[in-house]
Amino acid sequence: MAQDGTRVMWMRGGTSKGGVFLAEDLPADVASRDALLLRIMGSPDPRQIDGMGGADPLTSKVAVVSRSQREGVDVEYLFLQVFVDRAIVSDAQNCGNMLSAVGPFAIERGIVVARDGETPVSIFMANTGQVATALVQTPKGKVSYLGSAQIDGVPGTAAPVALTFSDTEGSSCGSLLPTGNTQDLVDGTVVTMIDNGMPCVLVAAGELGLRGDEPPAELEADAALCARVEALRLLCGPMMNLGDVSSKSVPKMTIVSPPGNGGAIRTRSFIPHHCHKAIGVLGAVSVASACLLEDSVAAAIASTGGDGRRELSIEHPTGETTVIVELDQQERITSAAILRTARKLMDGVVFGEQAD
């Protein structure tokens, strides 16, 4: 079986890229599965030269998909972050970008029957226990990746994949505000710890002596800054009910500042040791949620406006991501939606088994 390889579809989902597998095509034993995925990606190695990974956390991702037995749910989706330079495969977080590839993949693999026009795919996100719905373009009953939708961080255009999230509040930490506070003082730094689909720690750029518009490479080259950000992350992890996060990819440290291009807020997000070239889907949802929380670090500098339904443009290094937030009469968030795109890059087999 080792010489036959493992069936996989390599896909771009949003601003990420990775392998999408059927659960049945991977080893059932977690240790064996993780060892195989490390080999497939070529980790641990900064270049991932002996594998399929692209030497970046955003291109070293895995989605594991299976048919769901849950009522009203089509598929189960487990996200795995394969670290680049460490022998770690983590299921500690979700990934909303790779989520956008799950719907098309499920239809392509025959788990979901396509409709003519658009096909909704309900997806149970196994990492956090929530359900999202992806609306996939399926003209004449076939997945189409061609279209006019454009998202910042991805060149060109593609077919839109609309993602709708509900009941994501406290998905990893147990509550929207894990500490019960909109602000906390951690190691002399004012932060907001929030989880509305992705555990995030928001820090105002000024608190770190930054403007907020620095390019990712400049931030990563600042060793003192990176050390301070990581020290904060390690302290916040237990406070967010995440335990020891030294080997986890959450929480995401997100530096926020006033918008520079007419959006709601500007961000620089660490994932966790590299600065994101854009922003994760669920990270954007958590940041947008913080913008609407009175007294949070984000609310103090964000430009939101309006009542009820809000469209919040979250600025990032390569553009912006718009989060559509629905609020009830008490101004509580009831759902969030975001537009992504996806593309099938390769369908075949990948080889990662080691010789006996």
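Strands here (E, at least two residues) and helices (H or I, at least four) are DSSP runs, numbered from the N terminus. Before you click anything, know that this is a predicted model, where local features need pLDDT of at least 70, side-chain atom pairs count only at pLDDT 80 or more, and totals for chains, interfaces and linings use all residues. Residues are numbered from 1 along each chain as its sequence is written, and side-chain values use heavy atoms, with hydrogens and water left out.

**Stop one: Ser 122**

Select Ser 122, which sits in strand S6 (residues 117–125). Its relative accessible area is 10%, so Ser 122 is buried (buried means under 20%, exposed over 50%, partly exposed in between, using a 1.4 Å probe and protein chains only). Show its side chain and you'll find it reaching the backbone oxygen of Gly 72 at 3.1 Å. Leaving out residues up to four places away in sequence, Ser 122 touches Gly 72, Val 73, Asp 74, Val 75, Val 131, Ala 132 and Thr 133 (contact means heavy atoms within 4.5 Å).

**Stop two: Ala 132**

Hop over to one of those contacts, Ala 132, found in strand S7 (residues 130–138). Ala 132 is buried, with a relative accessible area of 0%. Set aside neighbours within four places in sequence, and Ala 132 is in contact with Leu 99, Val 121, Ser 122, Ile 123, Met 125, Thr 164 and Phe 165. Try a distance label to Phe 165: the two are 33 residues apart in sequence, but 4.9 Å apart in space, C-alpha to C-alpha.

**Stop three: the largest core**

Phe 165 is a good way in to the largest nonpolar core, which has 82 residues; Val 75, Tyr 77, Phe 165, Ile 314 and Val 323 touch the most other members. (A nonpolar core is a set of buried Ala, Val, Leu, Ile, Met, Phe, Trp, Tyr and Cys residues joined through side-chain atoms within 4.5 Å.) Which helix gives this core its largest share? Select helix H5 (residues 281–291), which supplies eight residues. Eleven of the eleven residues of H5 are buried, so this helix is largely enclosed by the rest of the structure.

Now pick Val 323. Not counting residues up to four places away in sequence, Val 323 touches Ala 284, Val 285, Ala 288, Arg 310, Glu 311, Leu 312, Ile 314, Ala 336, Ala 337 and Ile 338. Apart from the largest core lies another, of 16 residues, among them Leu 37, Val 62, Val 64 and Val 82.

**Stop four: helix H1**

Colour helix H1 (residues 30–41). Its buried residues are Arg 33, Asp 34, Leu 36, Leu 37, Leu 38, Ile 40 and Met 41. They pack against strands S1 (6–13), S2, S3, S4, S5 (89–90) and S16 (333–350). Just after H1 comes Gly 42, with a positive phi near 85 degrees.

**Stop five: strands S2, S3 and S4**

Add strand S3 (residues 61–67): five of its seven residues are buried, so S3 is largely enclosed by the rest of the structure. What joins S3 to strand S2 (residues 16–22)? Five bridges do, and the two strands run parallel (strands pair if DSSP finds at least two bridges between them). Look for Leu 22, whose bridge partner in S3 is Val 65.

With strand S4 (residues 75–82), S3 pairs in the antiparallel sense over seven bridges. Here Val 62 stands opposite Leu 80 in S4.

Definitions and conventions
Right-handed = clockwise from strand over helix to strand, strands pointing away. Polar contact = N/O pair within 3.5 Å; in protein donor to acceptor, adjacent residues only side chain to side chain.
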